[in-house]
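User: Hi! I've got a new structure to go through and would love a second pair of eyes. Could you walk me through it?

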Amino acid sequence: GPAPVLEAFDLPNRVVCTAKRDTTNTPLHALVLLNGTQFVEASRVLAENVLRPNSNNLSAAINHAFFILTSRHPDEDEQKILIQMVNDQHSWYESHPENAKELLCVGQKSKSTDLNETDVAALATVINGLFAHDESVVKR
Amino acid sequence: MNRRTWLNTFGMGLGGIACNELLYNDVQAANGTGSLQNLHHEPKAKRVIYLFQAGGPSQLDLFDDKPKLVKHTGQQLPESVRDGQRLTGMSGNQSSIPLVGSPFKFSQHGESGATISELLPHTSAVSDQLCFVKAMYTESINHGPGVCFMQSGSQIPGRPSIGAWLDYGLGSITDELPSFVVLITKKKGGQPLQSHLWGSGFLPSRHQAVRFRSGSDPVLYINNPPGISSDNRRLMLDGLRRLHEHQFSGTPDNEITERIAHYEMAYKMQASVPDVTDLSNEPKHVLDRYGPDATDAGSFAANCLLARRLAERGVRFIQLYHQGWDHHGGLRKGLKKQCQETDQPAAALVQDLADRGMLDDTLVIWGGEFGRTNYCQGLYRAGADFGRDHHPRCFTSWMAGGGIRPGISWGKTCEYGYNIQEEGVHIHDFHATLLHLLGIDHERLTYKFQGRRYRLTDVHGHVVKEILA
């Protein structure tokens, strides 16, 4: 059958003609976007890919990630919220270094060796959330 | 301030200023209340567990004892009984339509004297709690439209299911679990089921069911990924919420507030779903009651037990589907197997709810989409196995709890088990009665779509008052 992930996102059932695909909004979406391996792996790789060009500046990196995911730059208020989120996660991973390691091994792409693990984990966790941001998943 | 924000804040009047207040109220309303501000009358039932038997269980071999059929086994279905009614596509071409009496023994059970066949010993033991509706009828002759009719009140897909109507009207009891859950027995063949059967139709899509998968992983991706704990996930979600609220203040679209609510529900489900599926604190005597399959995740027995646990935790409408009742052939063997899988758990569920004091406000329903014919499908040979074709004209369902009168049988079919003799109950009447038990007047829970107001019973249906306690 079709991938369960697609079923959560209103895959047409092909029993009746579907002129317009459903766009439901259910808790199952959140679970897929936040916990699905594909998305978690993408989060950590994107974290690495925004850290490097921004010279490891966390604030610049998270703003850059926001732009990539939502196609717009975060405004001032959003930038404040974003860096607060990153800092909260950074403190948390500082006291849970094993968790940082675990997170950075999710998926098939090998973990980077040139970046600070706490930085990457903190960014990846916030980016994981941004994948599930309304503006990342809904085109208005 | 950009132009969009300016327009939203000032162009919409007080909208922008009052927005924060509205935002929180909307989220709570989305979680706590339905469209009905008040119920139409005092409800008896708070929740429903619907054990749907897909395929059309043979009422003539389970609940409707017809000695005349046994006597006339092998003889042709009399024209006077059939009265020119259409036959199905499958058996309509038969040159011979011989009657077949049930090979199973019927007897009276309990104080109410309910008539049940030997295939259902456990159901027989709880029969004093049950109300048998013997003269249900429908117009559907096939499964697709038939099940759709039973679930949505229309043979053609597109209408909301019963659970969706209830969620729309009554809202949810808890915000820890979805209020409409579907459980399908694993590894069953037979007629396929489509998700529109538990869908929301034209109602807002959040009223659709969450279907738990059949097996050890009822909800995918319930667990946090490696490295992320619920603590820092919670921190992140709080931040995400602030981002969404900020977005909402610039773009007041209700889908955003629904999304916030769903993310909260998802977070709660990460704790509540493992909790509800963890049977380790379930006492052994309770597990034993549901039978040997009780711990086999995805079996009918396990789903019944899970249904009780979901009901305890505030899920309003739990629907089980058990396929495989479509006995066009091999009925003797097939029906036995179906009953072995479902008899004990269904009875255990009723008893379990009663023991916990939950039966009074939980409506339990058992039934399929139509019945089966009194004549044999295919060649009849004495002593051999046989089949029955679809029969929409009369069939049996049972109900228990939730304001239903226990220990009675309502409606009668003719002595040939072909026509209704007394007190027929159409699907619309069944729906009207179900809504009534939950405190809803079926004529007054409506939704305007494509220019007119729809309801579960559309323009039909009468509450069957005689089966109300």
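Analyst: Happy to! One term to start with: a salt bridge here is a side-chain nitrogen of Lys or Arg within 4 Å of a carboxyl oxygen of Asp or Glu. Please keep in mind that this is a predicted model. By that rule, B:Glu341 and B:Lys337 form a salt bridge, with their closest N and O atoms 3.1 Å apart.

User: Where do B:Glu341 and B:Lys337 lie?

Analyst: Both sit in helix α13 of chain B, which covers residues 331-355. They are 4 residues apart, about one turn of the helix. In general, an α-helix has 3.6 residues a turn, so residues three or four places apart point the same way.

User: Is B:Glu341 buried or exposed?

Analyst: B:Glu341 is buried, because its relative accessible area is 18% and the cut-off for buried is under 20%. Its partner B:Lys337 counts as partly exposed, at 46%.

User: And B:Lys336, what is it in contact with?

Analyst: B:Lys336 is in helix α13 of chain B too. Setting aside neighbours within four places in sequence, B:Lys336 is in contact with B:Phe104, B:Leu119 and B:Leu331. Its relative accessibility is 46%, so B:Lys336 counts as partly exposed. If you want a distance for orientation, the C-alpha atoms of B:Lys336 and B:Thr73 are separated by 20 Å, with their positions 263 residues apart along the chain.

User: Back to salt bridges. How many does the structure hold over all chains?

Analyst: There are 35 over all chains. One of them joins B:Lys68 to B:Glu415, with 3.5 Å between the closest N and O atoms. That pair links distant parts of the chain: B:Lys68 belongs to helix α4 (residues 67-71) of chain B, while B:Glu415 is in the loop between β13 (412-413) and β14 (420-422), 347 residues apart. B:Lys68 counts as partly exposed at 26% relative accessibility, and B:Glu415 counts as partly exposed at 45%.

User: Nice. What about B:Arg234 and B:Asp238?

Analyst: Their side chains meet in a salt bridge, 2.9 Å from N to O. Both belong to helix α9 (residues 230-250) of chain B, and because they are 4 residues apart, about one helical turn separates them. B:Asp238 is partly exposed, with a relative accessible area of 30%.

User: Which residues are linked in a network of salt bridges?

Analyst: In chain B, the network links B:Asp275, B:Glu282, B:Arg308, B:Arg309, B:Glu312, B:Arg313, B:Asp352 and B:Arg356.

User: Switching to the interface. How many residues does the contact take from chain B and from chain A?

Analyst: Chain B gives 44 residues and chain A gives 47. The area buried between the two chains is about 3800 Å², and carbon and sulfur atoms give 63% of it. On the chain B side, B:Tyr221, B:Leu243 and B:Arg259 lose the most area to chain A, together 18% of what that side buries.

User: How many salt bridges does the rule find across the interface of chain B and chain A?

Analyst: The rule finds 1. A:Asp134 and B:Arg259 meet through their side chains at 2.8 Å, N to O. Between the two chains there are also 14 residue pairs in polar contact, both residues being at pLDDT 80 or more.

User: Which elements give two or more residues to the side of chain B that touches chain A?

Analyst: Those are α9 and α10 (254-277) of chain B. Helix α9 of chain B gives the most, with 13 residues. The residues on that side divide into 19 nonpolar, 16 polar and 9 charged.

User: Last topic, chain A. How many helices and strands are there?

Analyst: Chain A has 8 helices and 0 strands. Its C-alpha atoms fill a box of roughly 50 × 35 × 25 Å along the principal axes. Of its 140 residues, 49% count as buried.

User: Why is α3(A) said to be largely enclosed?

Analyst: Because 11 of its 15 residues are buried, α3(A) is largely enclosed by the rest of the structure. Among those buried residues are A:Phe39, A:Arg44 and A:Leu51. The buried residues of α3(A) pack against α2 (27-35), α4 (58-70), α6 (97-103) and α7 (117-131) of chain A.

Conventions: Residues numbered from 1 in each chain as written. Chains lettered and ligands numbered in written order. Predicted model: local features only at pLDDT ≥ 70, side-chain atom pairs only at ≥ 80, totals over all residues. Heavy atoms only, no water. Buried < 20%, exposed > 50% of the residue type's maximum accessible area, 1.4 Å probe, protein only. Contact = heavy atoms within 4.5 Å. Buried area = accessible area lost by both parts, 1.4 Å probe. Polar contact = N/O pair within 3.5 Å; in protein donor to acceptor, adjacent residues only side chain to side chain. Nonpolar A, V, L, I, M, F, W, Y, C, P; charged D, E, K, R; others polar.
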